[in-house]
Structures are given as C-alpha cells and as structure tokens.
Amino acid sequence: MRRARTGALAIALASACAIAPAADYARLPGGEFTSVLPQGATPGTTAVARVAPFELRATPVTRGEFRTFLALHPEWRRGQAPAVFADAAYLADGPAPDGRPDPADARPVTEVSWFAAQAFCESEGARLPTWLEWEFAAAADETRADARSDPAWRQRILSWYAQPATAALRDVGGPPDLHGVRDLHGLVWEWVDDFNALFVAGDSRNQGDPDTLRFCGAGAISMADRDNYAVLMRVALLSSLSAPDTLRTLGFRCVRPATGELR
Amino acid sequence: MTSLTRRHALGLFACAALAGAARAAAPVPGDSVYQLHPHLVDQDGRPFDWGSTRGAPVLASMFYTSCEMVCPLIFESIRRTVDAFDKPVRDKVRVVMVSFDPERDTVPVLKETAARHHCDARWSLVRGTEADARRIAALLGIQYRRLPSGEFNHSSVISLLDAEGRIVKRTTTIGDIDPALVAAARSV
Amino acid sequence: MEFQSLRGALQRTRAFLGLAAIAFVAAPSLAASAAANTGDFGPPRGEPIHAVLTSPPFVPPPIHRNYPAHVIVDLEVVEKTMQISEGVNYTFWTFGGTVPGSFIRVRQGDTVEFHLKNDPGNKMAHNIDLHGVTGPGGGAASSFTAPGHESKFTFKALNEGIYVYHCATAPVGMHIANGMYGLILVEPPQGMPKVDHEYYVMQGDFYTGGKYREKGDQPFDMEKAIDERPTYVLFNGAEGALTGDKALKAKVGETVRLFVGNGGPNLVSSFHVIGAIFDEVRFEGGTNVQKNVQTTLIPAGGAAVAKFRTHVPGSYVMVDHSIFRAFNKGALAILKVEGQPDKTIYSGKELDSVYLGDRSRPNLEAVTRATESARQGTLSLQDQVKAGEALFTGTCSVCHQANGAGIPGVFPPLAKSDFLTADLQRTIGIPLRGLTGKVTVNGTQYDSVMPPMSQLNDDEVANILTFVLNSWGNPGGQVSADDVKKSRAQGTASTAAAAH
C-alpha cells in the first residue's frame with residue numbers, strides 16, 4: 001500500500017517536472033515610486049517610496065500550474081484544506097487534481113484563498129508580492145515604466161472593471177509590458193501579501209478623518225492620488241476580503257527577491 | 001485585579017495538560033486557528049506552541065511595544081475583561097498577544113512589556129517571523145501595515161477563542177469592557 | 001406634511017396647550033409627546049417582519065401598523081448587462097437587479113435589520129449608504145461586502161421621509177453612475193393619506209464612451225463623468241423604461257402619488273409633468289408641502305413626493321425640464337391617463353384656421369382671393385392691385401409710407417418715381433435682393449439700405465409691384481409671378497453700381 005503510494009507520488013513528481021516548465025519570472029529594476037497609498041513618515045502624508053529590485057512571475061499562476069502543486073500537496077485540495085484557510089467556494093470550479101491535461105490549463109487559477117496562494121508561492125521558493133511591488137509593476141505599459149498619468153491607461157483598466165464577471169476567463173499570456181510582465185490588468189484581481197494592510201475603512205468617503213481609536217497610528221488610509229481610481233478599485237476590492245476568501249475573479253502571482261533567494 | 005499565584009499557575013497548566021492529552025487524540029477542527037503552525041517564542045524566551053492553549057478559552061490580539069496610543073488600551077481592556085469573566089472562565093482563560101514587530105520586539109522587550117502591564121501567568125506575549133505575524137493577523141482578521149517611521153497602522157480587535165480554537169466572538173471595543181464578549185465567554 | 005397629518009398636528013398642539021396648564025402634574029404625558037417627536041418609539045414589538053421590496057416603477061403597499069417593529073430587509077447586489085437604449089448595452093451595477101434599485105418601505109421608529117448580499121458572480125465589492133440612516137456613513141462603513149459575502153447591520157429609522165440610498169464604495173461616482181441607487185420610504189407613524197396610485201420614478205445621468213444611441217456594448221466613461229457631460233439622462237435606467245406599454249397608468253379622476261428620486265451622480269432635476277400641475281409637492285422629500293407646483297427641483301442624491309389628481313385623459317409626459325435632456329438624452333417618461341374627456345377643463349383643438357402673422361390685417365381677403373385666382377389661372381390686374389395693396393400696407397409702407405411718398409432724405413418715394421419705371425427688370429429685383437448705396441430718384445439723391453424682402457414669395461412680390469405701378473400717379477403696368485421667378489433665378493445682389 002505504502003509502496004503504491006510512493007510510486008504514485010514519484011510518477012506525479014516526474015510528470016510534474018516533465019509537464020511544467022520552470023515558471024517564467026521577469027526582472028523588475030525597482031526604484032522610486034509614489035503609491036496611491038500614502039507612504040509618508042507622518043501618517044497620511046505622501047512620500048516617495050523605494051522599491052527594491054524584484055522578480056515577478058510574468059503571468060498569473062495558471063490552473064495547470066496549480067494542479068501540479070495540488071498533486072504534490074494534497075493537503076491543499078478542495079475538501080482537504082481546512083475552513084480557516086479556505087472558504088466553501090475554494091476551487092469549486094478548480095482544476096481536477098488527477099493530473100490529466102485540461103484545455104482550461106492555461107487560464108489563471110481563481111477561487112484560491114490568500115493562504116493557498118501563499119502556500120503555492122512558498123512551494124517554489126517565492127512569496128506573494130507586497131502591494132507596493134504589485135502597484136509598481138502595474139504602473140507600466142508597453143513602453144513606459146510609469147504610465148499612470150495617461151488617461152488612456154486608466155480607461156483601459158476601467159473598461160475591464162465595467163465588464164461583468166460572468167464571462168469565462170481567457171488564457172494567460174496577454175501582450176507583455178515594458179518589463180515583460182503580462183496580464184496585470186484586464187484578467188483577474190490578484191492577491192498581495194499585505195492585502196490586510198490596505199485598510200481603507202469600509203466607507204472611504206471620510207478621507208482625512210482618521211478614526212484613530214479604530215485604526216491605531218494613523219486612521220484609515222486616505223488615497224494620496226484620488227484621480228487614480230483605476231488603482232483605487234483594486235485597493236477597495238482587496239480591502240473587502242478576508243484571508244480565507246475566494247472569488248471567481250481573484251487569482252495571484254508570486255515574487256522573489258532579485259537575488260533569487262527567499263528572504 | 002486578581003493575579004495567579006505560582007501554585008495556581010502550576011495547577012492550571014496541569015489541568016490544561018490533562019485536557020490537552022484527551023484532546024490530542026481528536027483532530028483540530030477545520031475552522032480552528034490551531035490549524036496554523038507558526039514558530040513562536042514567548043516573553044521568557046521559551047518556544048511557544050501555538051496550539052498549546054487548546055482546551056482553554058483564549059483572548060487573542062496583536063500589538064507592538066512601541067505603540068503609544070491604542071496598544072496599552074488593548075492590554076487594559078483585556079485585563080478588565082478577564083476580571084469581568086465568571087470565575088470558572090477566569091480560572092481557565094489564557095491570553096495570547098502576538099507582536100507584529102518581531103524586529104524590535106525581542107524577548108527582553110517582550111518581558112519588559114509584560115512586566116509593565118502586570119501580566120500574570122495567563123499571559124503569553126509572543127513573537128515569530130514577519131510571515132508568521134502576517135498569517136496570524138490574517139487568521140484573526142487584524143489589519144496592519146508598517147510605516148516608514150517604524151510605527152504601525154493597525155486595527156484593534158480582540159478575539160475570543162473557544163477550547164478548540166474557533167473564533168466565537170470578536171470585539172473592536174477598546175477601553176471599555178464589551179458585555180457581548182463576557183456573555184460569549186460563558187458558553188465557551 | 002399631507003393635509004390630514006397637518007390637521008392632526010394642529011390638534012396635538014391644541015391638546016398640548018391645554019395640558020400645559022396642569023403640566024407639572026401631567027409630566028408623563030408630556031414626556032410621551034416628546035418621545036413621539038424624536039421618532040424613537042421605543043423597542044420593536046411583535047414578530048420580525050420581512051420587508052416587501054418592489055422593483056420600479058412599483059411601490060410596496062402602505063404600512064398598516066401602529067407600533068414599531070423589527071423589519072428585516074434583504075437586498076442583493078447584482079452586476080448585469082442590460083440595454084440602456086435600443087441596441088445599446090451597458091454593464092449596470094444594481095441593487096436588486098434593477099436601476100433604480102428595489103423600493104424599501106418601513107415605518108418611522110422601526111428597527112431595520114439590513115442584509116446586504118453581494119452576488120458571487122460579481123466582480124466588485126460594494127456597500128450601501130441609506131440617507132435615512134442616522135449613523136456613520138449611513139451604513140456604508142458597516143456594509144462593505146466582497147462578492148460571495150453578506151453583511152448585516154441594524155439601524156432605527158428615526159426620521160420619516162423619502163430617502164435615497166446608494167453604493168458608497170470608491171470610486172463612489174462610478175458606482176452611482178452605474179446605477180447603484182434607489183429609494184427608501186420611512187412612513188410617518190400615522191401613515192400617508194390614501195391615493196389611487198403610487199409610482200416610483202428615479203432620474204439618473206449616464207456616461208458612455210460612445211455617443212448617444214451609438215449601438216453595441218458601451219463602457220463607462222470616467223472623464224465624461226468628471227466633466228459632467230452625460231450621454232444619457234434617463235428615468236429608471238433605460239430609454240423607454242416608462243414609455244409605450246411600460247408607461248405608468250391611471251384613470252381620470254384618480255389621485256397619483258409619485259415618489260421621484262434623483263440618483264445623479266451629477267445633475268439636478270427640474271421635474272415636470274407636461275399637462276399636469278402638482279397639487280402638492282413634498283419638496284426635497286421633507287416635511288413641508290408646496291402647492292400648485294409646475295416644476296420641482298430634485299437635487300442629486302435627493303427625492304421628492306409629488307401628488308396630483310388626474311382630470312383629463314391623455315398621455316402626460318414626465319420630463320426633466322432642462323429640456324435638451326428630455327429630447328436629446330432620453331429623460332422622458334409617460335403617464336397614460338384613460339377615461340372620459342371633460343371639455344370644460346380641456347377641450348382639445350377647436351379650430352384650425354389660417355393665421356398670417358404680422359400681415360394679418362382686415363383686408364387680407366384680397367390676398368386670399370388673389371391666391372385662389374392665381375391658382376385657377378384667372379388672376380386679373382384688379383385682383384393683383386387689391387392684393388398688392390393689402391400686402392404693401394403690412395410690409396412696405398413702414399418705410400415708403402402709405403402714400404408712397406417715402407421720407408425725404410431717408411427713404412426714396414415710390415409715387416411718380418422715375419427710378420422705378422426706368423427699368424422694370426431692375427425694379428423687380430429690388431424686393432428680391434434689396435438695394436444699397438446711392439440712388440437718385442426724382443432728382444434727389446438717397447443713400448440708404450433696403451434689405452431683401454426674403455419673406456415674400458413670387459406671388460406676393462408680383463402683386464405688390466403691380467399695386468405700386470398702378471398707384472400714386474405711376475404709369476401702370478403688371479408684373480407676373482413668372483417675371484419674379486425669372487428675376488429670382490438671376491440671383492445676384494443688386495448694388496447701386498449695378499443698378500446704374
């Protein structure tokens with residue numbers, strides 16, 4: 001019995017190595033960056049932040065890749081992952097863990113919780129990006145590292161928000177941006193490591209009116225750049241979530257430090 | 001304020017150990033925070049098993065020592081809440097405070113903080129890695145972020161866990177005792 | 001306040017004054033009336049009630065209850081694509097699947113347990129701010145909900161009135177512009193006077209990337225929204241939402257109460273029902289009533305209650321009287337009233353006769369006769385002269401005077417005019433193309449401007465000229481409509497130089 005299980009595991013590992021190529025990471029140079037979330041030393045003030053160079057997965061994690069992960073980590077399968085780490089809708093329409101190829105393999109994996117996403121990234125020696133890293137990467141378009149002041153950039157992102165979530169997701173692999181990263185916009189929402197650091201209060205209209213007792217230190221975050229509603233909406237969505245939550249439109253990708261070592 | 005004498009503390013740990021042995025056989029429920037296995041250290045420098053409080057009701061929250069405003073209030077609130085509990089609950093309840101600033105909240109700092117807030121043997125002030133802190137915050141539904149100044153922006157939540165580690169009540173009432181929390185503790 | 005409750009208030013006041021005499025003894029009753037005024041009628045009583053919500057344009061039935069209750073409201077957020085105009089699709093974000101969202105009706109003093117559900121098929125997180133809630137954010141702080149989740153919060157409806165509710169998730173303007181608004185009615189404790197029909201109408205402005213009625217899938221346009229340049233201004237979320245077979249209905253002699261909201265996000269509404277006068281308007285949805293109102297202002301994020309009685313059948317068009325919004329952006333709805341006409345109030349069209357504007361002088365018979373003769377081909381010189389005289393009086397005599405003498409030094413005479421008779425073709429061109437510059441008439445020089453008489457047709461010019469040629473000692477002659485037509489075809493403006 002045990003030998004059969006080891007054998008099955010070996011086959012799974014072998015097929016995993018055979019099927020799944022090494023994940024494609026793009027290198028981002030880092031640099032100075034003004035976030036929509038105020039980064040000033042005094043709470044609520046804006047200041048330019050320094051983002052260290054990092055490597056970001058070129059596309060969101062796909063169903064195929066997640067399936068391979070599930071084969072090696074059965075404790076993360078639907079029904080196995082405890083409720084405190086994944087809600088009832090976790091992988092409800094997820095990749096079947098039996099290892100057979102599936103035409104939907106190239107689509108981004110969704111219905112994954114923050115804990116599950118963390119576990120996947122750890123399994124490849126990486127982690128979830130911080131909000132700042134994600135925002136830094138997402139500011140780029142095909143030719144510029146920071147396209148955020150361009151209304152066309154915002155309008156493109158906004159038109160994705162306007163489309164309903166009922167349409168089937170397309171495969172990953174949209175056009176690359178300046179850094180070679182794809183699909184940061186227009187495909188899925190994405191988890192970040194510090195999603196619970198984005199706490200806009202549930203009612204974001206009292207900007208600049210910190211409820212200091214509820215949010216020690218500074219009060220709820222006021223958006224530094226309210227014109228950047230395209231990014232604002234990401235923050236709004238992420239701050240409405242809890243760690244075990246899953247959404248049909250929420251996926252993730254991983255980050256590793258530029259040196260390639262896990263911090 | 002009631003404090004536990006060393007004898008009481010030993011008795012308490014013995015009870016917990018017995019109950020723990022009985023429970024060890026039963027698996028941790030899926031909605032229990034004890035599903036997480038962080039590597040924590042307490043204010044005495046001893047490894048702290050996150051699941052070691054299983055079998056007792058627990059008040060859990062997060063803090064950082066350099067916090068001027070709210071964190072001292074959280075300590076105060078929990079102390080007064082414990083005092084307000086019925087005796088059977090008060091005798092069993094444990095308090096776990098996790099730091100989200102492991103860089104500065106070293107073991108000596110935790111020890112000093114515990115002393116400053118007159119924490120008795122019920123209280124464990126613990127630290128782990130930053131990743132551990134982020135995961136525990138995610139479990140307890142606490143939001144926090146580090147500011148460039150070293151200060152933290154964080155929400156203030158006290159969670160009541162039952163003997164199996166399920167969150168049965170959360171309160172954001174700080175400074176006052178939340179009667180709902182006291183009531184919930186009766187049925188834990 | 002409606003009339004009945006005003007009377008009630010008066011009675012209460014009188015009673016109060018009577019009690020004031022023994023006020024110190026009667027302290028408990030005083031306290032009771034004070035509590036009644038604050039809208040807090042104490043804890044809820046009886047079994048919890050599940051509120052009936054309706055889709056627009058319908059309104060839940062009036063509440064027949066004289067105690068505060070625990071009311072449970074379940075409202076779901078659904079993001080869905082619907083037609084905003086024929087062949088034009090737009091992704092709306094809705095409360096309850098409609099724009100505006102479901103109508104909520106509770107009683108003042110009720111404890112409302114509000115459940116906001118975010119459909120798992122949605123992409124965005126949402127919350128709700130009800131203007132009838134006294135509390136932070138109107139509930140928005142406590143109802144921020146991710147897709148696939150439900151939030152619950154409870155509030156007491158302290159103030160009666162008609163209130164807007166809307167989503168308040170950042171960016172708020174976009175959520176509202178996508179249709180996330182509706183109305184909640186908090187009835188006064190004594191209820192509202194009975195009417196025959198109650199309807200729910202809500203105006204909103206919409207901003208699409210494409211132009212008005214440009215077909216296909218249209219995205220939201222944030223720049224247009226910020227610049228407040230709507231593509232559509234609509235009642236109830238779509239062109240034709242309340243027209244044709246979806247028009248509101250009533251019969252003659254019935255009372256209609258309209259709960260009219262304005263979700264915005266930007267525009268204020270000048271709400272008017274063409275052909276009707278509002279007997280009573282609770283302007284801004286507040287307690288005071290204005291009577292006999294033609295058009296009422298409804299602020300963005302506000303509402304009003306308009307009540308009127310129908311008297312005459314027909315289609316009554318509801319508009320935003322910033323009128324280009326009604327006819328070029330879609331802010332049109334219809335109330336169809338059926339029943340017996342009442343001619344004493346409105347007769348309909350009684351007469352359709354010719355109206356000749358500023359040329360309507362007593363003698364126009366001649367013109368009519370000339371026109372008729374010309375048509376039959378029997379136009380005589382006499383007919384032309386008579387008609388020409390009538391027309392001259394209305395048009396030319398202003399400058400050239402009724403006796404053709406002109407004004408010395410200013411306007412040349414037509415009487416015995418050598419200039420006129422010297423060149424008939426030139427003369428025919430003058431009423432057609434005007435005449436400017438120096439001319440010498442009967443030895444006197446004139447330098448003036450005569451504009452072209454472009455309001456005259458060929459017949460009229462012919463008749464006028466024929467009259468002039470046969471009057472005041474002029475040698476006579478006849479100009480036909482054909483002559484004028486030929487001259488007109490030459491088309492060049494006449495100047496003094498050309499004339500010479």
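What follows walks through the sheets of chain C, a few backbone oddities in that chain, and the contact between chain A and chain C, all in a predicted model.

Chain C has an open sheet built from 6 strands, and reading across it gives the order β12-β10-β14-β19-β16-β17. The pairing in this sheet is mixed. Going from one strand to the next, the twist averages 25°. At the edges sit β12 (232-235) and β17 (290-293) of chain C; each has a single partner strand, so one side of each is left without a neighbour in the sheet. For β12(C), that partner is β10 (residues 197-206) of chain C, and the two strands pair in the antiparallel sense over 4 bridges. Within this pairing, G204(C) has L234(C) in β12(C) as its bridge partner.

A couple of backbone features turn up around the strands of this sheet. The peptide bond running from G264(C) to P265(C) is cis, and its omega is near 15°. P265(C) sits in the loop that links β14 (255-264) to β15 (269-273) of chain C. Then there is E284(C), whose phi is near 60°, a positive value in a residue that isn't glycine. E284(C) belongs to the loop between β16 (278-282) and β17 of chain C.

Chain C also has an open sheet of 4 strands, again with mixed pairing, in the order β4-β9-β8-β6. Here the edges are taken by β4 (104-107) and β6 (129-130) of chain C, each pairing on one side only. On the β6(C) side, 2 bridges join this strand to β8 (residues 161-166) of chain C, and the two run antiparallel. One residue pair gives the register: D129(C) stands opposite H166(C) in β8(C). Past β8, in the loop that leads to α3 (172-177) of chain C, lies P171(C). The peptide bond between A170(C) and P171(C) is cis, with omega at about -15°.

Turning to the interface, chain A and chain C bury about 2,500 Å² between them, and 62% of that is on carbon and sulfur atoms. The contact draws on 29 residues from chain A and 32 residues from chain C. How many salt bridges cross this interface? The count for chain A and chain C is 0. Polar contacts do show up, with 3 residue pairs across the interface of chain A and chain C, both residues of each pair at pLDDT 80 or more. On the side of chain A that touches chain C, α5 (151-162) and α6 (229-239) of chain A each supply at least two residues. The largest share of that side comes from α5(A), which puts in 8 residues. Sorted by class, the side of chain A that touches chain C has 15 nonpolar, 9 polar and 5 charged residues.

Although the interface of chain A and chain C has 0 salt bridges, a search of the whole structure finds 40 over all chains. One of them is within chain A, where the side chains of R148(A) and E135(A) meet at 3.5 Å, N to O. E135(A) is part of helix α4 (131-138) of chain A, while R148(A) lies in the loop between α4 and α5 of that chain, so the pair ties together parts that are 13 residues apart in sequence.

Conventions: Residues numbered from 1 in each chain as written. Chains lettered and ligands numbered in written order. Predicted model: local features only at pLDDT ≥ 70, side-chain atom pairs only at ≥ 80, totals over all residues. Heavy atoms only, no water. Pairing = 2+ DSSP bridges. Axes fitted to C-alpha atoms, helices over the stretch in contact; angles between N-to-C directions. Contact = heavy atoms within 4.5 Å. Buried area = accessible area lost by both parts, 1.4 Å probe. Salt bridge = Lys/Arg side-chain N within 4 Å of Asp/Glu carboxyl O. Polar contact = N/O pair within 3.5 Å; in protein donor to acceptor, adjacent residues only side chain to side chain. Nonpolar A, V, L, I, M, F, W, Y, C, P; charged D, E, K, R; others polar.
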